[in-house]
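Q: Please take a close look at the pockets of this model and at the elements that line them. I would like one connected account that a first-year student can follow.

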Amino acid sequence: MLKTEYIPFHELQMRYEGHVAIVEFARPPHNYFTLDLLVGLAEAFEYLDGVPDVRVIIMASKGKSFCAGADFNDPHGNDPLLPGMLYRAGIRLFRIRKPIIAAIQGAAVGGGLGLALTADFRVAAKDARFAANFARLGIHPGFGLSATLPRLIGAQQTAMLLYTGRRLKAREAVDIGLADLVATSDDVMDDAMALAQEMASSAPLAVQSIRETLRMGLAEAVETALAREAAEQEWQMCSADFAEGVRAMTERRAPVFMGK
């Protein structure tokens with residue numbers, strides 16, 4: 001069994017509880033990701049892949065949101081080349097060998113939803129929300145969602161979420177398979193840890209082998225999708241519609257798109 005300890009990885013904290021590793025990031029309140037954060041997550045998970053006593057990884061965050069994706073009000077967030085750089089780090093998360101549980105304490109929005117879908121399972125707090133709001137920003141979905149969402153919830157539900165950008169409550173997300181459990185306690189980590197410990201009690205080599213079979217071809221499909229997504233986002237981030245989408249989001253109003 002592993003002792004509890006803290007190890008900094010970029011903007012992360014990492015600790016162990018038994019055979020479970022908890023990797024937590026904190027950029028409150030909304031946990032917008034940066035390239036450094038995604039690289040840090042990839043490095044932390046790859047490191048844990050090499051720790052024999054770790055059998056399950058929990059990915060969590062501190063703040064109002066689980067992750068709100070990229071911050072488009074940040075000048076760096078509007079760089080058309082940024083998606084490609086982010087996604088090169090993101091694909092590494094799909095190549096991890098050990099099972100990952102995402103503890104979703106708040107909103108998982110846009111690229112933040114994509115990050116949540118790198119995990120095998122999502123445990124959602126009662127007030128968690130899920131949205132792929134890219135079309136409401138005037139931009140193509142990213143972070144592999146065009147590959148991961150259909151695999152998880154089917155083509156029709158994916159089209160509905162991506163075309164409308166609608167936001168789902170935790171129970172609605174579970175109902176369509178986007179999340180797996182709604183937390184029964186006020187602390188979502190309690191339920192995520194209970195699931196992780198149940199999983200960690202299974203034979204680790206068998207679990208990893210089963211996971212490899214079930215996720216066969218996923219990383220390759222995501223990599224292909226990411227190339228398409230990054231290319232589409234690159235030109236759409238230069239459009240008038242994207243500028244309007246970001247303004248409307250900042251001003252908390254409905255966007256008025258012109259198709260330009």
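A: To follow which parts line a pocket, it helps to know that the helices and strands named here are DSSP runs, at least four residues long for a helix and at least two for a strand, numbered from the N terminus. The model is a predicted one, and the second largest pocket makes a good place to begin.

This second largest pocket has a volume of about 420 Å³, and its lining consists of 18 residues, with Ala119, Asp120, Phe121, Leu214 and Arg215 lying nearest its centre. Strand β7 (121–124) and the helices α5 (145–153) and α9 (204–214) each give at least two residues to that lining, and the largest share, 4 residues, comes from α9. Sorted by character, the lining of the second largest pocket holds 10 nonpolar, 2 polar and 6 charged residues.

Helix α5, one of the contributors to that lining, also contains Thr148. The relative accessible area of Thr148 is 7%, and because buried means under 20%, Thr148 counts as buried. Leaving aside residues up to four places away in sequence, Thr148 touches Phe94, Leu117, Leu218 and Val222.

The largest pocket, for its part, has a volume of about 990 Å³. It is lined by 40 residues, and those closest to its centre are Tyr32, Val109, Asn133, Arg167 and Met249. The elements giving two or more residues to this lining are the helices α2 (82–93), α4 (134–137) and α11 (240–251), together with the strands β6 (107–109) and β8 (129–131). In the lining of the largest pocket, 18 residues are nonpolar, 14 are polar and 8 are charged.

Of these elements, α11 can be followed further. Helix α11 has 12 residues, and the distance from its first C-alpha to its last is 16 Å, close to the 16 Å expected at 1.5 Å a residue. Within α11, the residues Asp241, Phe242, Glu244, Gly245, Val246 and Ala248 are buried, and the buried residues of this helix pack against α4 and α10 (218–236). Helix α4 therefore appears twice in this account, as a packing partner of α11 and, by the DSSP runs used here, as an element that gives two or more residues to the lining of the largest pocket. Just after α11, Arg252 takes a positive phi of about 55 degrees.

Definitions and conventions
Residues are numbered from 1 along each chain as its sequence is written. This is a predicted model: local features need pLDDT of at least 70, side-chain atom pairs count only at pLDDT 80 or more; totals for chains, interfaces and linings use all residues. Side-chain values use heavy atoms; hydrogens and water are left out. On a 1 Å grid over the protein atoms alone, a cavity is a set of points where a 1.4 Å probe fits but cannot get out, and a pocket is an open set with protein on both sides within 12 Å along at least five of seven lines; lining residues have an atom within 4 Å of a point. Grid points are joined across faces, edges and corners, and a volume is the space filled by probe spheres set on the points. Ala, Val, Leu, Ile, Met, Phe, Trp, Tyr, Cys and Pro count as nonpolar, Asp, Glu, Lys and Arg as charged, and the others, Gly among them, as polar. Buried means under 20% relative accessible area, exposed over 50%, partly exposed in between (1.4 Å probe, protein chains only). Contact means heavy atoms within 4.5 Å. The expected span of a helix is 1.5 Å times one less than its number of residues.
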